[in-house]
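Here are some brief notes for a colleague who is new to this entry. Please read them with the structure open.

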Amino acid sequence: MKPIAAVLCLAVLTAPAAAQEADEGLSLMEEGARLFFRGLMSEMDPALEELEGMADDMLPLLRELRAEMGPAFRRLLEEVDDWSAYRAPEILPNGDIILRRKVPLTPDDEAPEAPEEGPVDL
């Protein structure tokens with residue numbers, strides 16, 4: 001019985017020391033994480049500044065694209081009710097872009113198949 005009591009007394013006396021070590025370990029882990037993320041951010045700063053510069057350069061081009069293509073996209077969006085009913089767009093050899101339905105409404109509604117690879121008539 002005495003060995004059990006000795007072990008319990010030792011456990012009670014060493015518990016606060018173990019808890020203090022755990023707290024110090026946690027604060028060391030937190031400090032390590034802070035240093036890691038601080039280093040990561042300092043490495044990312046040049047890339048983020050470059051990205052910001054690219055965005056500034058592209059803004060006028062995107063505005064021009066919106067001005068020229070916006071009305072056409074708006075009309076297309078009005079025509080198509082459910083985009084999930086269509087396959088991915090296909091570019092034909094002559095440059096036409098077509099959207100095929102996944103399931104045709106009727107056999108007559110199916111778009112013509114893309115011609116076989118060969119000479120392209122201009």
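How many aromatic pairs does the structure hold?

1. The count is two aromatic pairs. Keep in mind that this is a predicted model. The two pairs are taken in turn below.

2. Start with F36 and F37. Their rings form an edge-to-face pair. The centres lie 5.2 Å apart, and the planes meet at 70°. An angle over 60 degrees counts as edge-to-face, which is why the pair gets that label.

3. Now the cover of these two residues. F36 counts as exposed, at 54% relative accessibility. F37 counts as partly exposed, at 49%. The cut-off for exposed is over 50%, so F37 falls short of that class.

4. Next come W83 and Y86. Their ring centres are 6.4 Å apart. The planes stand at 55°, so this pair is tilted. Pairing requires centres within 6.5 Å, so W83 and Y86 qualify.

5. How are these two residues covered? W83 is partly exposed, with a relative accessible area of 39%. Y86 counts as buried, at 18%. Buried means under 20%, so Y86 meets that cut-off.

6. Burial across the protein: 5% of its 122 residues count as buried. The accessible surface comes to about 11,200 Å². Carbon and sulfur atoms account for 63% of that surface.

7. Secondary structure: the protein has one helix and two strands. Along the sequence the pattern reads α-β-β.

8. Contacts: take those between residues at least 6 apart in sequence. Of these, 8% join residues at least 24 apart.

Technical notes:
Residues numbered from 1 in each chain as written. Predicted model: local features only at pLDDT ≥ 70, side-chain atom pairs only at ≥ 80, totals over all residues. Heavy atoms only, no water. Helix = DSSP H or I, 4+ residues; strand = E, 2+ residues; numbered from the N terminus. Buried < 20%, exposed > 50% of the residue type's maximum accessible area, 1.4 Å probe, protein only. Contact = heavy atoms within 4.5 Å. Areas by Shrake-Rupley, 256 points an atom, 1.4 Å probe, with all protein chains shown as cover. Phe/Tyr/Trp six-rings, centres within 6.5 Å; stacked < 30°, edge-to-face > 60°.
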